[in-house]
Amino acid sequence: QSLASDKANDLITKYKINKLPTVIVKGEIEKLNLEGFEKKEDALVFTSIKPPYFSIKENKVLGFVSITQINAKSCTQCESLDPLVKQFETSKIKIVDKKVLDVSDAGAKDLIKKYSITKVPTIIISRDLGAYEDVAGQWSSIGSVENDGTYILREAAPPYLDLTTNKVKGLVSVIYVNDSSCKECYNVMDHKTILARMGIKVVNEKVVDINTPDGMKAVDGY
């Protein structure tokens with residue numbers, strides 16, 4: 001049935017249907033066990049509708065998502081959010097518009113001011129992400145939902161540009177302290193691999209021996 005027909009409207013009212021399209025199964029439904037269907041009155045109604053879908057309440061299609069990335073060209077070592085956007089796409093989120101702005105762009109400045117953004121790179125996602133309940137339900141762990149329904153990524157993975165100080169945060173210097181007199185000791189450079197696995201961005205590193213003046217100086221400094 002078409003939404004515009006009287007019969008369709010009667011069915012929507014009778015079975016309290018909120019999303020379209022859907023399927024209504026009637027008859028000997030007691031013998032049926034259909035995944036995604038819910039029993040309502042004398043029928044089984046398909047309720048596990050994935051977005052995009054037509055919302056009866058809002059009288060429009062929900063689930064067409066727009067994403068705006070704000071990057072900082074000046075921060076060549078900042079983490080790219082391209083993998084996260086790709087993950088959204090592979091999660092079957094219907095992205096209909098993608099924009100990439102630099103922090104210096106006028107449009108980016110407007111968004112940064114409007115949503116009090118303090119870290120970049122970040123992503124801003126339209127309110128239609130709310131139609132994807134699995135993703136929207138977990139968003140509070142990485143960002144905020146604004147009063148207008150917009151989703152903002154707040155937890156930027158380092159390195160990132162801190163807009164309150166205009167400095168890059170998350171660039172690490174490492175001193176590896178070795179003891180050449182200990183032949184049985186493990187290789188201190190094993191920590192380099194461990195740090196890389198943890199996603200720590202090392203930009204400056206050196207190795208010193210505890211038995212040298214530089215080594216003692218390094219230990220005393222910490």
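## The Cys75–Cys78 bridge

The torsion about the S-S bond of Cys75 and Cys78 comes out at about 95°, so this disulfide is right-handed. "Disulfide" here is a pair of cysteine sulfur atoms within 2.5 Å. For Cys75 and Cys78, the S to S distance is 1.9 Å.

How much of each cysteine shows at the surface? Cys75 has 8% relative accessibility, so it counts as buried. Cys78 sits at 15%, so it counts as buried too. The cut-offs: buried is under 20% relative accessible area, exposed is over 50%, and partly exposed is in between, with a 1.4 Å probe and protein chains only.

## Where these values come from

Keep in mind that this is a predicted model, where local features need pLDDT of at least 70 and side-chain atom pairs count only at pLDDT 80 or more, while totals for chains, interfaces and linings use all residues. Residues are numbered from 1 along each chain as its sequence is written, and side-chain values use heavy atoms, with hydrogens and water left out.

## The Cys182–Cys185 bridge

Further along, Cys182 and Cys185 are joined as well, with their sulfur atoms 2.0 Å apart. The torsion about their S-S bond is about 90°, so this disulfide is right-handed.

As for exposure, Cys182 is partly exposed at 23% relative accessibility. Cys185 is also partly exposed, with a relative accessible area of 43%.

## Putting the pairs together

How many disulfides does the rule give? The count comes to 2. Number the bonded cysteines of the chain in sequence order and the pairing reads 1-2, 3-4.
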